[in-house]
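Colleague: I would like to go through this model with you slowly, one question at a time. Could you explain the reasoning behind each answer as we go?

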Amino acid sequence: MDEPSRVKQSDEIRQRIKSTMVQTTAVQVGALGLGAMFTVAAFDWTGIAGAGALAAAGFSILPYRRRQLKAEMRQLTTELRKELKRVVNMYVSEEVDASRQRIENALRPYSRFVEAERKTLGAQSHNLGLLRNDMLGLERLIKNSVTVATASAGDKQDQKEDTKNDAKANTTTSAA
C-alpha cells in the first residue's frame, strides 16, 4: 500500500467522523429548537416528549456510526494485514532468491575448479589403470621367461651331465 492511498483513506475516515459529528449536532440542535418551540407554543408534555425523542435519536446516531466506523476499520485493517503479508512474503522471497544467486555466483569458480580437478583425476586414474595392466603383463612375461630360462638351464645342465656321463662311460669302456 503506498503513501497516497493511506493518506486518502485516513482523510476519508476523518471526513466520515466529522460528518457524523455534524449530523449529531444538527439533530441535537434541531431537537432543542423543536422542543423549545413546542414548549413555548403549547406548553405541554407532548412537545417536550417529542423533543426528548428527537434528542435520543440524535444520541443513537453516534453509537451507530461508531459501530459502522469500527467495522470499516476492522475491514481496512484486515486488508492492510493481507497486503502487508503479501508484500513481506514477496520481499523475503526476492531476497532469498537474490542471496541464493549471490552464493551460487561466489561458488562458481570453486565449482569449475573442482570439476576440472575431477576430470584430471579421472584421466590420471585411467592412465594408472593402463599402466597397471601393462605392468601385470610384463610381470607375467618375465615369470614365463624365467620359467623357460630355468627349464632351459636345467636341460643344459642335464645335457652337460649326460655328456660327462657318456664321456666317462666311453673312457671306462675304452680302458677295459
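The questions and answers below concern a predicted model.

Colleague: How many helices and how many strands does the protein have?
Modeller: One of the elements is helix 2, which covers residues 45-175. Counting over the protein as a whole, there are zero strands, and the number of helices is two.

Colleague: What percentage of the residues of the protein count as buried?
Modeller: A residue counts as buried when its relative accessible area is under 20%. Among the 176 residues of the protein, the share that counts as buried is 7%.

Colleague: Is Lys143 buried or exposed?
Modeller: The side chain of Lys143 meets that of Glu139 in a salt bridge, at 3.7 Å from N to O, and the two residues are four apart in helix 2, about one helical turn. Glu139 has a relative accessible area of 39% and is therefore partly exposed. For Lys143 the relative accessible area is 52%, and because the cut-off for exposed is over 50%, Lys143 counts as exposed.

Colleague: Which residue meets Arg86 in a salt bridge?
Modeller: Arg86 counts as partly exposed, at 45% relative accessibility. Its partner is also in helix 2, three residues away, so the two are separated by about one helical turn. The side chains meet at 2.7 Å, N to O, and the partner is Glu83.

Colleague: What is the area of the nonpolar surface patch that includes Val96?
Modeller: Val96 lies in helix 2 and is partly exposed, with a relative accessible area of 46%. Joining it in the patch are Leu84, Val88, Tyr91 and Val92, and the patch has an area of about 470 Å².

Key:
Residues numbered from 1 in each chain as written. Predicted model: local features only at pLDDT ≥ 70, side-chain atom pairs only at ≥ 80, totals over all residues. Heavy atoms only, no water. Patch = residues over 30% accessible without salt bridge, like charges linked within 9 Å, V, L, I, M, F, W, Y side chains within 5 Å. Areas by Shrake-Rupley, 256 points an atom, 1.4 Å probe, with all protein chains shown as cover. Salt bridge = Lys/Arg side-chain N within 4 Å of Asp/Glu carboxyl O. Buried < 20%, exposed > 50% of the residue type's maximum accessible area, 1.4 Å probe, protein only.
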